[in-house]
Amino acid sequence: MKVKTLTLSNFMLFENAEINWSKNINVICGENSTGKTTLLKVMYSVLKPLGKGYKEATTKEIEEKMFVDKLQGVFRPDGMKIGRLVSRKQGSNRTDFSVILDRKQQISVGFGNRQENHADIRMDQIKTVGDFDVVYIPTKEMISTTEHFASLYEEYHIDFEEMYYDLAKLLDRPLTKGANTNEQNEVLKSFEKIMKGQIVRKDKKFFLKIKGEGEFEMGLLSDGYRKLSMIVYMILSGSLNKDTILFWDEPETNMNPKMIQPIVQALVALAKMGVQIFVTTHDYFVQQEFNMLAVYPELNPEHLDIRFMSLYRDELNNDVKFELEKTASDLNHNAIMQEFDAMYDREQRIIYGN
C-alpha cells in the first residue's frame with residue numbers, strides 16, 4: 001500500500017494542490033509556516049484509521065466518526081471543531097481533500113467551516129485495508145515515556161497531538177516471533193552502527209545495551225539517540241515493515257550533524273525494504289545527503305525514486321505554492337540552499353569588504 005496522490009482544496013494554508021508522491025522517498029522542505037507538517041498530518045489522519053487494527057464500520061455514522069475523531073486528535077483545532085481546518089475566508093467556505101493509493105483506492109473527506117464534528121466521507125475501492133501500518137515520528141521522542149503515557153492519555157486530557165499516543169501504543173507492542181529478515185538486519189545494522197549498542201525492553205522500559213558497559217535507561221541518553229531507539233524497536237516489533245508508510249517530522253532535531261549520513265542510509269535501507277517514506281526537514285545536511293543519492297546513480301544502484309518538494313509563499317498574494325522535482329538542485333525555491341548561499345555571501349563580505 002503506497003500513497004500515490006494527495007489533493008487539497010481550501011485546507012488550512014493550501015488553496016488548491018495536487019501532489020504526486022514517490023513510492024519510495026519524499027523529502028519536503030520550506031520555510032516555517034508553509035505547511036510541511038500539515039501535509040504529513042492530513043495524510044496520516046486519513047490513512048491511520050484504515051491501518052492495522054482496522055475494523056470495518058457497520059454504519060456510515062461510525063465510519064464518519066472514525067475519520068473525524070482522527071482529524072480532531074491529530075490537528076487539535078480549538079474546541080475540537082474540524083471546521084477550523086478550512087482555509088480562513090470571509091463567509092462560508094468548504095474544504096475537500098483526498099488520498100489516492102496505488103491500487104486505485106481513494107479516501108475523500110469534505111466539510112464546511114461551520115462544521116464541528118461532521119464530515120462527508122467517501123471511500124472508493126477500499127477493500128484491502130488493515131494490512132498496512134502507518135507510523136508518524138514527531139519532533140519529540142516518546143520512548144522514554146512509553147511506560148505511562150498511553151494510560152495517562154486515555155484517562156486524562158493531555159494537550160498532545162494524537163500521533164504521540166499512537167506512537168506510544170506502537171512502542172508497547174511485543175517483539176515478533178522468529179528471526180529477523182535479511183532486510184530488517186540490514187536496517188538494524190545501520191542504526192546499531194550509529195548507536196554502538198542494541199535496544200532491549202524490560203517491563204515496558206527501554207534500555208540501550210552497550211557491550212562491555214552495561215544497560216543504559218532511556219532517560220540517560222540524548223534525545224537523538226532516543227529517536228533512533230524508537231525506530232530500532234519498531235523494526236524489531238514489526239511495526240516498520242515492507243507494508244509501512246512512515247512520516248518523520250524533522251529527523252535532524254537534536255541530532256549531531258555527524259549522525260545525519262547514517263540516518264539517511266538507514267532510511268534508504270527502509271525504503272529498499274518497501275517502506276514509503278515522507279520526511280520534512282530544515283536541515284542542509286539531510287537535504288544534501290538525499291540529493292547526492294538522487295544525482296549520482298552509483299550511490300543509488302537500486303534506483304530508488306527520491307522526490308524533493310519545496311513549499312514557498314507567492315510574493316504577490318502570499319499564497320502557499322509548491323514545486324516537486326527529482327533533485328533538490330532543480331528546485332527554484334529552496335529555502336535551505338538560499339540561506340546557505342546568504343551565509344556564504346555574508347562571510348565573503350566580512351573577508352573582502354563590500
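In the predicted model, the contact between helices α2 and α4 is formed by D69, K70, G73 and V74 on the side of α2, which meet E162, M163 and D166 of α4. By residue class, this contact comprises 2 nonpolar, 1 polar and 4 charged residues. The two helices, α2 spanning residues 60-75 and α4 spanning residues 162-171, pack with their axes 6 Å apart and at an angle of about 100°. Because angles of 65 to 115 degrees are counted as roughly perpendicular, α2 is described as roughly perpendicular to α4.

A second set of contacts concerns strand β5, which covers residues 106-112 and is mostly covered, with 6 of its 7 residues buried. Strand β5 pairs with strand β4 (residues 94-101) in the antiparallel sense, and 7 bridges are found between these two strands. Within this pairing, S98 stands opposite S108 of β5. The hairpin of β4 and β5 has 4 residues between the strands, and in this hairpin K104 adopts a positive phi near 65°.

Strand β5 is also joined to strand β6 (residues 120-124), by 5 bridges and again with an antiparallel run. In this pairing I107 stands opposite M123 of β6. Taken together, β5 pairs in the antiparallel sense with β4 and runs antiparallel to β6. In general, the side chains of a regular strand alternate between the two faces of the sheet.

How values were computed. Residues numbered from 1 in each chain as written. Predicted model: local features only at pLDDT ≥ 70, side-chain atom pairs only at ≥ 80, totals over all residues. Heavy atoms only, no water. Buried < 20%, exposed > 50% of the residue type's maximum accessible area, 1.4 Å probe, protein only. Pairing = 2+ DSSP bridges. Axes fitted to C-alpha atoms, helices over the stretch in contact; angles between N-to-C directions. Parallel < 35°, antiparallel > 145°, perpendicular 65-115°, else oblique. Contact = heavy atoms within 4.5 Å. Nonpolar A, V, L, I, M, F, W, Y, C, P; charged D, E, K, R; others polar.
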